[in-house]
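Here is a short briefing on one protein chain. Please keep the sequence and the 3D view open while you read.

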Amino acid sequence: AHIQASRALMVLAIVLGFLAVIVSVVGMKCTKVGDNAPVIKSRIAVAGGILFLSAGFCTLVAVSWYAAKITNDFFDPFTPINARYEFGSALFVGWAAALLTSLGGSFLCCSCPKEEQRGQMYYRSSQPSTVRETTFKKSMTANGEQYL
């Protein structure tokens, strides 16, 4: 029964992770998908972060539950020696995946800007370095002499 429950939790984590990727891409500031209001885009990004957090939690529960069952069976004196399992690499990969997914979800949840930072931000386009050098090197003094 614990194996079936762990499988169901992992499938749920995969579905939540897939939905989180789609929602997070829509919520990014660099995409044109969705509404152009930055408040709505940031809320969509936070919703993607919450989905990532829940996917990481499902993964952590499934992997830890399976590891606890392996540990209980390993130290049970009534379990035959040939039926005892040990931790494999898939458990460690699962723990790492749960940690990274939760970390990414928490970063997305913290991406919501404060009230005073909301609004469209515009950046100046950069000029080539040759244009800046010529305007910097030419300076006029009070009597009209030019220094390079």
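The points below go from the overall fold to single helices and residues.

This is a predicted model. The chain has four helices and two strands. From the N terminus, the order of elements is α-α-α-α-β-β. Of its 148 residues, 21% count as buried.

**Annotated spans**
- The UniProt record, an unreviewed entry, marks residues 6-26, 46-67 and 87-110 as "transmembrane region".
- Residues 6-26 are 100% helix and 0% strand in the model. The end C-alpha atoms of residues 6-26 are 30 Å apart.
- Residues 46-67 are also modelled as 100% helix, with 0% strand. Here the end C-alpha atoms lie 31 Å apart.

**Helix H1 and a surface patch**
- Val11, Val15, Phe18, Leu19 and Ile22 make up a nonpolar patch on the surface. Together they offer about 460 Å² of accessible area.
- Ile22 sits in helix H1, which covers residues 2-27.
- Is Ile22 buried or exposed? Ile22 falls in between: its relative accessible area is 41%, so it is partly exposed. The cut-offs behind that call are under 20% for buried and over 50% for exposed.

**Helix H2 and Tyr66**
- Helix H2 runs over residues 38-75 and contains Tyr66.
- Tyr66 has 28% relative accessibility, so it counts as partly exposed.
- Tyr66 and Leu91 are 25 residues apart along the chain. Their C-alpha atoms are separated by 8.4 Å.

**Helix H3: length**
- Helix H3 covers residues 89-109, which is 21 residues.
- How far apart should its ends be? At 1.5 Å a residue, H3 should span 30 Å. The end C-alpha atoms of H3 are 30 Å apart, so the model agrees with the expected value.

**Helix H3: two faces**
- Which residues of H3 are buried? They are Leu91, Gly94, Ala98 and Gly105.
- These buried residues cover an arc of only 60 degrees around the axis, so they lie on the same side of H3.
- An α-helix has 3.6 residues a turn, so residues three or four places apart point the same way.
- The face of H3 turned away from the buried side carries exposed residues. These are Ser89, Val93, Leu99, Leu100 and Phe107.
- Leu91 thus ties two topics together: it is one of the buried residues of H3, and its C-alpha atom is 8.4 Å from that of Tyr66.

How values were computed:
Residues are numbered from 1 along each chain as its sequence is written. This is a predicted model: local features need pLDDT of at least 70, side-chain atom pairs count only at pLDDT 80 or more; totals for chains, interfaces and linings use all residues. Side-chain values use heavy atoms; hydrogens and water are left out. The expected span of a helix is 1.5 Å times one less than its number of residues. Buried means under 20% relative accessible area, exposed over 50%, partly exposed in between (1.4 Å probe, protein chains only). The arc is that of the directions from the helix axis to the C-beta atoms. Patches are made of residues with over 30% relative accessible area and no salt bridge: like charges are joined within 9 Å, nonpolar side chains (Val, Leu, Ile, Met, Phe, Trp, Tyr) within 5 Å. Accessible areas come from the Shrake-Rupley method with a 1.4 Å probe; for residues, only the protein chains shown count as cover. A salt bridge is a side-chain nitrogen of Lys or Arg within 4 Å of a carboxyl oxygen of Asp or Glu. UniProt positions are given in the numbering used here, feature names are shortened, and annotations may be inferred rather than shown by experiment.
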